[in-house]
Amino acid sequence: RRQRQMCIRDSPSRVCQPCGAPPAPGGRWPFLAAIRSRLAFILRAGTDQRTTYWFPVPQMPQVSFDRLSAALELTLHPDICDYYQTYWSGTIGARAPHGDISLLQLWNPDDHERLMTNLIGHALEKRRHKHDFTVFFGTAEPDGERFLSIHNQTGEILLEEPGMKPQDVLASGIAEYLDTLTPVNVSPGIY
């Protein structure tokens, strides 16, 4: 049976005591890293009481979204870059006020390349429908058809369905939205 403990940071400039995650380069945590660290968890596995620790691994060096910005001829909202450029991690399950979600993460550099390809396809579809550009960062469960996105111009968090205009504005920004989440016990996965 697996059990989770939340990792809560008291100050954005201190090392997280439960998981030992270091501050970002330059000695301070980006606002999102401090929030995301709350979602780190510890898994206790099996009857042998062997403990497996899981926590995000800082990206060093960080991935770049410069090619995506150039290809789409736009500047990405900084929250998008902060979200995807901080850690390597598996998908994180959480409970939001509107239901269970999965927060997409980058597992490794190859996963970053897949994300870039998917975002270009997403941008082309948005242009075809004459919708504002958004960047997805999570899925709504249980079906995963609806997705969470960041509006590229405003930074608002939206709930969308493929090919449709966003259904709901869930929060004014990613920090506000992540603060509403409660981690749920799921194995980190890769989409």
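Start by selecting F65 in this predicted model. F65 is buried, with a relative accessible area of 2%, because anything under 20% counts as buried. Look along the chain on either side: F65 sits in the loop between β3 (57–58) and α2 (66–72).

Next, add Y84 to your selection. You will find Y84 in helix α3, which covers residues 78–84. Y84 is buried too, at a relative accessible area of 3%. Now show both side chains. How far apart are the ring centres of F65 and Y84? They are 6.2 Å apart, and the planes of the two rings stand at 45°, so this pair is tilted. The two residues are 19 residues apart, and their pair links distant parts of the chain.

A handy tip for reading such views: a pair of aromatic rings is described by the distance of the centres and the angle of the planes.

Move on to F137 and Y177. Their ring centres lie 6.2 Å apart with the planes at 80°, so this pair is edge-to-face. Trace the backbone to see where each one belongs: F137 is in strand β7 (residues 134–140), while Y177 is in helix α5 (residues 174–178). This pair also connects distant parts of the chain, with their positions 40 residues apart. Are these two residues buried or exposed? F137 counts as buried at 1% relative accessibility, and Y177 is buried with a relative accessible area of 1%.

For the last stop, add Y83 and keep the other four rings on screen. Ring pairs link F65, Y83, Y84, F137 and Y177 into a cluster. Across the whole structure, a search finds 5 aromatic pairs.

Notes. Residues are numbered from 1 along each chain as its sequence is written. This is a predicted model: local features need pLDDT of at least 70, side-chain atom pairs count only at pLDDT 80 or more; totals for chains, interfaces and linings use all residues. Side-chain values use heavy atoms; hydrogens and water are left out. Rings of Phe, Tyr and Trp (its six-membered ring) pair if their centres lie within 6.5 Å; planes under 30 degrees apart count as stacked, over 60 as edge-to-face and the rest as tilted. Helices (H or I, at least four residues) and strands (E, at least two) are DSSP runs, numbered from the N terminus. Buried means under 20% relative accessible area, exposed over 50%, partly exposed in between (1.4 Å probe, protein chains only).
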